[in-house]
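Please go through the salt bridges, backbone and helices of the model shown below, with the cut-offs stated.

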Amino acid sequence: MTVSELDATRIPLRVADRFFLAAHAGGQRISPRVDAALVSLGCAAGLLAELILEEEIAVTPHVRPSGRGRCPDFLSWAILREIREEPGHDLRTWLDYLGQAAAEKVRARLVIIDVLREVPVSAGWRGGTASAWRLADTGVTSPEAVLELLFTSAETATGNGMITVPERLAEITFALLARETGVIRNVRLPKNVARQGDFRMKSWQKRVPGPLRNLIAEVAAARGQSAITPRH
């Protein structure tokens, strides 16, 4: 069984969707496992990864449109439209720009496909209501189970060849983004699974196509930069 087969009976979750779910804990009211800036960074990278996997954008090193605009959902199409209007920017610029609202947009997509549901909550003594979100009762596999299967499945055994299967690339990209944003360290995995995952991810990063490899590297660099940038 592959990770993709876990969700065979429902609308497939995409790279940014999987990252968002892994970056949050809880059921009746989800909360982020890492800093909000890292959630936004991972969601932005996930949205770009989706377009790379669909061959709708190329990285040369600037991000430019390269496909026919046949995106499977409105969010991807809207981002592609922006890239078509501003084709001369590099990956870091797009990560910074998309990160301003990426988490909210991915969350909205998950609400549309009924993976998340909005929960009105009290805003305290000021009155009124605020919003929170919970997982819908739709049998979505937990991030822990998804990562454990990805790290231990015989199908993901390491080797010397490049990884080219789109579904596998999507799963691996999700895991690499979760690693670079610190999400995986906050997901409870058995120690042996975590060790195996660390070994496999080091191998996978060398074997994914160049644009995805560059994207992962930019996420790592952006995280490192934010860690040393003073907050005012």
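Q: Which residue forms a salt bridge with Glu180?
A: A salt bridge is a side-chain nitrogen of Lys or Arg within 4 Å of a carboxyl oxygen of Asp or Glu. For Glu180, the closest N and O atoms of the pair are 2.7 Å apart. Both partners are buried, where buried means under 20% relative accessible area, exposed over 50% and partly exposed in between (1.4 Å probe, protein chains only). The partner is Arg179.

Q: On what basis are these values given, and what kind of model is this?
A: Residues are numbered from 1 along each chain as its sequence is written, and side-chain values use heavy atoms, with hydrogens and water left out. Local features need pLDDT of at least 70, side-chain atom pairs count only at pLDDT 80 or more, and totals for chains, interfaces and linings use all residues, since the model is predicted.

Q: Which residues are joined into one network by salt bridges that share partners?
A: Glu50 and Arg109 meet in a salt bridge at 2.8 Å, N to O. This pair links helix H2 to helix H5, 59 residues apart; helices (H or I, at least four residues) and strands (E, at least two) are DSSP runs numbered from the N terminus. Glu50 and Arg109 are both buried. Salt bridges that share partners join Arg14, Asp17, Glu50, Glu54, Asp73 and Arg109.

Q: How many residues apart in sequence are the parts that Arg33 and Glu144 tie together?
A: The closest N and O atoms of the Arg33 and Glu144 salt bridge are 3.1 Å apart. Arg33 lies in the loop between strand E2 (31-32) and H2, and Glu144 in helix H6, so the pair ties together parts that are 111 residues apart.

Q: Is Glu55 buried or exposed?
A: Glu55 lies in the loop between helix H2 (36-53) and E3. Glu55 has a positive phi of about 60° although it is not a glycine. Its relative accessibility is 61%, so Glu55 counts as exposed.

Q: How far apart are the end C-alpha atoms of helix H8?
A: The expected span is 1.5 Å times one less than the number of residues. Helix H8 (residues 191-207) has 17 residues and therefore should span 24 Å. The computed distance agrees, at 25 Å.

Q: How many disulfides does the count come to?
A: A disulfide is a pair of cysteine sulfur atoms within 2.5 Å. Cys43 is buried because its relative accessibility is 0%, and Cys71 counts as buried at 16%. By the distance rule, the count of disulfides is 0.
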